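Here is a guided walk through one protein chain. Keep the sequence and the 3D view at hand while reading.

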Amino acid sequence: MAALALGLAGTAIVVVPSMTAQANTADLVVDYACQQGIATSGSGTVYLRTKLTVPTTLNVGDPLNVAWKLNYKDATRFGAPARLPNGGRIEVTGRVNLTGSWIGQLQPKGSVDQPGAMIKGTPLNLPDGIADFAYTDREGTLTVKPGKLFVDFRPPASEVMVNDDDPAITYSGGWENLEGQPSGDNDYHLDLHRTTVAGAWASLTFTGTGVDYVAQRDRRAGPIDIAIDGQPGTPPRIDPSTNDDGTPVNDANKGGQTLWKFRGLKYGEHTITIKNVEDAKWGQLDAFRVVTRELVNPPQEYRAECTLISAPVGIEVTIGGGDNPASPSPDSSPDTSASPDSSASPSGSASASPSATPSATPSPSPSGDQSPSPSPSPSASRSPNLAPTQNYVVAVVTQGSPSPTATKTVTLTATPTVAQVAITPQGGAQTGEAPERVSSSGMLLIGSGGALLMIGMLSGVAMLRRRAAHSGERS
């Protein structure tokens with residue numbers, strides 16, 4: 001069986017294909033219990049059944065692919081963490097630990113969008129699976145063990161209008177709900193709430209990064225105090241009966257106006273509260289606009305952490321050499337194609353060096369005793385008047401012994417009688433040999449020059465005579 005399952009216990013199951021030579025993957029079924037984050041906004045504790053698929057035999061250079069399928073184990077579900085008219089996204093990250101020949105961690109990832117509007121607690125869908133891989137660059141055996149799973153929820157960027165009659169808005173006493181307002185007033189959904197009681201308030205708890213206050217601009221309206229999470233807003237008070245420059249307005253029932261806005265809140269749950277300041281002055285609410293900017297990372301408070309509910313398990317993976325060619329061994333066969341003429345016969349004995357590596361192997365005919373000697377250096381002697389010597393490495397085969405034929409390597413010192421590469425000089429090129437010397441080359445050059453000078457003089461006299469004779473004939 002190609003796969004080895006380690007420490008199986010609890011609900012962990014290893015499923016290995018029945019094929020023997022062809023089986024190269026193993027499936028590990030593991031159950032998880034998830035808590036915190038979107039588990040809390042759903043069933044409280046959510047149970048998952050997962051299947052991790054890992055290759056068990058690879059060759060060096062093959063990728064180690066880890067595929068992890070995800071499913072709910074029972075009726076428990078993750079839930080939407082807030083009211084989200086535009087849905088959201090589930091992102092799952094796993095931990096796969098590697099030990100043995102490699103020590104490290106893979107982090108399979110996957111995600112799935114949640115379609116449609118959601119309220120807090122709406123069941124969320126899981127991605128079908130998550131995956132990751134690593135390249136194998138050497139042989140060895142390693143163990144793959146699944147670790148924790150982390151399930152995040154990422155809300156989308158959005159702007160959502162919350163109408164004045166939405167149940168999420170809480171009102172104190174003294175407010176009137178005005179339905180069916182004229183369309184020319186431009187009120188959102190043609191309705192609004194109004195009060196003339198000092199201190200009457202309305203509040204909305206929302207999830208996002210910003211919020212707007214929308215109401216009518218009207219000369220009969222009075223100042224409104226605004227607070228965010230119990231702290232004065234910026235600015236803390238507005239007056240719908242004045243223009244932005246502070247001058248009084250002449251308008252009446254000019255609805256759909258964004259009178260105050262705030263951005264830059266940390267994503268999460270916040271509360272906005274508006275309060276009427278003066279008696280007999282109108283305090284009005286048409287709608288709140290909740291804004292969520294695009295988030296770089298999923299909110300940490302939404303993260304659910306999933307832990308194994310069985311004993312640790314693992315799958316053993318073997319990485320072999322594959323089809324990579326082995327390193328070539330040195331060629332110890334004699335190569336005489338470029339060997340010099342070593343007809344010179346050195347005297348003395350040659351010392352064997354069994355640790356040397358054979359290279360070029362000329363075949364000189366050494367005289368004297370060639371038996372291996374324990375001496376660490378050659379003992380061959382040479383006369384002081386010999387030409388410079390050159391070292392050669394040859395293979396000597398010892399025969400005539402009852403033991404198997406042994407090949408030993410010796411280093412001989414020999415004086416070549418000819419150059420290693422004989423080149424005949426032609427055309428004055430640098431060939432390695434000097435041209436043959438001629439002792440009479442100087443006299444020959446002088447004689448040739450004198451002959452050329454004499455020929456030139458005789459040719460000039462002959463030309464003058466011919467010209468004179470020609471002139472006499474014409475006269």
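**Strand 11 and its partners**

Strand 11 pairs with strand 25 in the antiparallel sense, over 5 bridges. Within strand 25, E316 is the residue that stands opposite T143. Strand 24 is another antiparallel partner of strand 11, this time over 3 bridges. Here V151 stands opposite A304 of strand 24. Strand 7 also runs antiparallel to strand 11, and 11 bridges join the two. R89 has its bridge partner in strand 11, namely R154. Strands of a sheet pair through backbone hydrogen bonds, either parallel or antiparallel.

Is strand 11 enclosed by the rest of the structure, or open? Of its 15 residues, 12 are buried, so strand 11 is largely enclosed by the rest of the structure.

Before going further, a word on confidence. This is a predicted model. The average pLDDT over the chain is 76, and 65% of the residues score at least 70. Residues 1–23 have a pLDDT below 50. That stretch still has 45 contacts in the model beyond near neighbours in sequence. Residues 324–439 also stay under 50. For them the model has 112 contacts beyond four places in sequence. Where pLDDT is low, the predicted coordinates should not be read in detail.

Now turn to the nonpolar interior. The largest nonpolar core has 46 residues. Which of them touch the most other members? They are I38, L48, F78 and L149. Several strands give two or more residues to this core. Among them are strand 3 (25–35), strand 4 (46–55), strand 6 (63–72) and strand 7 (88–100). Strand 10 (129–135), strand 11 (140–154), strand 24 (304–308) and strand 25 (314–320) do so too. Strand 11 thus appears here again, along with its partners strand 7, strand 24 and strand 25.

L149 is a good residue to select in the view. Leaving aside residues up to four places away in sequence, L149 touches Y32, L48, T50, W68, L70 and V92. It also touches T93, G94, I130, A304, E305 and C306. L48 is another of the residues that touch the most other core members. A304 is the residue that stands opposite V151.

There is also a second, separate core. It has 22 residues, including W175, I272, F288 and V290.

V290 leads on to S158. S158 lies in strand 12 (residues 158–163). Beyond four places in sequence, S158 touches N86, V290, V291 and T292. Is S158 buried or exposed? Its relative accessibility is 16%, so S158 counts as buried; the cut-off for buried is under 20%.

Elsewhere there is an open sheet of 5 strands with antiparallel pairing. Its order is 13-16-21-18-19. The edge strands are strand 13 (169–171) and strand 19 (231–238), and each pairs on one side only. From one strand to the next, the twist averages 20 degrees. Strand 13 pairs with strand 16 (residues 201–208) in the antiparallel sense, over 3 bridges. In that pair, I169 stands opposite L204 of strand 16.

Last come the charged side chains. The structure holds 14 salt bridges. One of them joins D31 and R49, at 2.8 Å from N to O. D31 sits in strand 3 and R49 in strand 4, so the pair links distant parts of the chain, 18 residues apart. How do the two differ in burial? D31 has 0% relative accessibility and so counts as buried. R49, at 37%, counts as partly exposed. D31 and R49 also belong to a network of salt bridges that takes in K73.

D212 and R289 form another salt bridge, again with 2.8 Å from N to O. D212 lies in strand 17 (residues 210–217) and R289 in strand 23 (residues 287–292). The pair therefore ties together parts that are 77 residues apart in sequence. Both D212 and R289 are buried.

R138 and D137 make a further salt bridge, with the closest N and O atoms 3.3 Å apart. R138 has a relative accessible area of 42%, so it is partly exposed. D137 counts as exposed because its relative accessibility is 55%.

How values were computed
Residues are numbered from 1 along each chain as its sequence is written. This is a predicted model: local features need pLDDT of at least 70, side-chain atom pairs count only at pLDDT 80 or more; totals for chains, interfaces and linings use all residues. Side-chain values use heavy atoms; hydrogens and water are left out. A nonpolar core is a set of buried Ala, Val, Leu, Ile, Met, Phe, Trp, Tyr and Cys residues joined through side-chain atoms within 4.5 Å. Buried means under 20% relative accessible area, exposed over 50%, partly exposed in between (1.4 Å probe, protein chains only). Helices (H or I, at least four residues) and strands (E, at least two) are DSSP runs, numbered from the N terminus. Contact means heavy atoms within 4.5 Å. Two strands pair if DSSP finds at least two bridges between them. pLDDT is the predictor's confidence in each residue, from 0 to 100. Axes are lines fitted to C-alpha atoms, for helices over the stretch in contact, and angles run from 0 to 180 degrees between N-to-C directions. A salt bridge is a side-chain nitrogen of Lys or Arg within 4 Å of a carboxyl oxygen of Asp or Glu.
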